[in-house]
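I opened the notebook to look at how strands and helices are arranged here. My plan is to go pair by pair.

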Amino acid sequence: MLGRGVLSTLYTLSQQKTYTLTLYLDIDQNKQSNRRRGYVVQGEALIKSLKAQQKRSDRFDTACKQALSLVRSLKPKGKTALIVVHPESKLRELVQIELPFPISIHWRRGAFLRPIVEAMDEHERYGVVLTDNQRARVFTVVMGELTEHEDLFSETGQRTRSLGADQMRSQKRHDQRHQEEMASHAKRVIDALHDLSRLIVGGTPKATGQLVRLLPTRLRGKLVDTVSMRVGGSQKEVLNKIIAVQMRMERDREKEIVEGVLAELHDRGKAVAGFAAVLDAVNQGRVWTLVYGKGYTNNAGECGSCDAYSPHAKGPCVYCGEDVHPLPQCVDRLSQSVIEMGGRVEVVDGDAKKKLDKPGGIAAMLRY
Ligand SMILES: [Zn+2]
């Protein structure tokens, strides 16, 4: 599975002067064309097309050979296979991802990880608790992968049916106690799930409300939504519901981020906008959050001497005066630099993107 840890390793290991090969393959076994190892044919075709455009070298051939052998040994489970190969550093990694990505191949400095960075943005680690007055189920979702944590749950005792007025009263107390036990148990389970970025509580309205009231402040701050849904639903149903909530929230969040940045765009504000200003802030290591519209691109250069980014692809470096060379896919490189410095990258779409277009389509919140 792909987490920020793996991503950061791939990024760090591939930061070399020499090129890295990155491949995204569609391995989704629900597609007819991918069965019977159709993805191997896909991989071979991609490499062939890249070979036709590239100057051939031994290390390029080695990288291709290593990538293909990874593809051939793959047992497809996910939707996409990400392959990263850097021969000298013995970096040979194949990661399966439960999300679809466009098929692509890249031979460049540093692994091409921008699609993943963008996806991670939209798929943080969610915790989901479904509860009614009978039981509770706990899930976590990362990058489209849903895991049910049955192991964290022990039975809280079965409700028993009984007759007679006294017994009815006793049953009622019993039910009440059972519900309380259930809710507090569910609360402990959520507590045990560390590093959740978001929490969704679903189920019947009454049970949902009870659980929400029990949440400690720390978790309440992470609660993003309560949804009514069947507690016994299939994992697919649960996942679809979560994705719908995520999409809506993501759009809201993007709007908020962009509004936050726009509000800080004044003389003594904590944000800058426009390509040149953002590059300058990245060079100085001041970027806390990089924000840009989906698909943003621009011409940029990288200094061969001091490694600074410049808002032009040729000419002298703004810092040291040495020549810069063109930096293709500059937004990926910027994003990766920001992530490496412990910052965040937010890719916005829809209304948020439109709003960001006015100050130049790219902006940054600064650390200081
Ligand atoms: Zn320079």
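**Entry 1: a strand pair.** I began with strand β1 (residues 20-26) and strand β2 (residues 80-86). They pair in the antiparallel sense, over six bridges. I keep in mind that this is a predicted model. Next I picked Leu 25 and asked: which residue of β2 is its bridge partner? I found Ala 81. A reminder to myself: strands of a sheet pair through backbone hydrogen bonds, in either a parallel or an antiparallel way.

**Entry 2: the whole sheet.** I then followed the neighbours outward. The sheet is open and has four strands, in the order β3-β2-β1-β4. Their pairing is antiparallel. Which strands sit at the edges? I noted β3 (91-97) and β4 (104-108), each of which pairs on one side only. I also looked up the turn between neighbouring strands of this sheet. On average it is 10 degrees, with direction ignored.

**Entry 3: helices on the sheet.** I turned to the helices. α2 lies across β1 and β4. Its run makes about 140 degrees with β1. α3 packs on the sheet as well, where it touches β1, β2, β3 and β4. Against β2, the direction of α3 makes about 145 degrees.

**Entry 4: helix against helix.** How do helix α2 (residues 38-53) and helix α3 (residues 58-72) cross? I read a crossing angle of roughly 170 degrees, and their axes come within 9 Å. Angles over 145 degrees count as roughly antiparallel, so α2 is roughly antiparallel to α3. I listed who makes the contact. From α2 I have Tyr 39, Val 40, Gly 43, Glu 44, Ile 47 and Lys 51. From α3 I have Cys 64, Ala 67, Leu 68, Val 71 and Arg 72. I sorted the residues of this contact by kind: seven are nonpolar, one is polar and three are charged.

**Entry 5: another set of strands.** I moved on along the chain to strand β8 (residues 198-203). Is β8 mostly covered or mostly open? It is mostly covered, with five of its six residues buried. Strand β5 (residues 126-131) pairs with β8 in the parallel sense, over six bridges. Strand β9 (residues 223-228) also runs parallel to β8, and five bridges join these two.

**Entry 6: one glycine.** I finished on Gly 203. In β8, Gly 203 is the bridge partner of Thr 131. Gly 203 also stands opposite Ser 228 in β9.

Conventions: Residues numbered from 1 in each chain as written. Predicted model: local features only at pLDDT ≥ 70, side-chain atom pairs only at ≥ 80, totals over all residues. Axes fitted to C-alpha atoms, helices over the stretch in contact; angles between N-to-C directions. Parallel < 35°, antiparallel > 145°, perpendicular 65-115°, else oblique. Contact = placed C-beta atoms within 7 Å. Nonpolar A, V, L, I, M, F, W, Y, C, P; charged D, E, K, R; others polar. Pairing = 2+ DSSP bridges. Buried ≥ 20, exposed ≤ 12 C-beta atoms within 10 Å, placed from the backbone.
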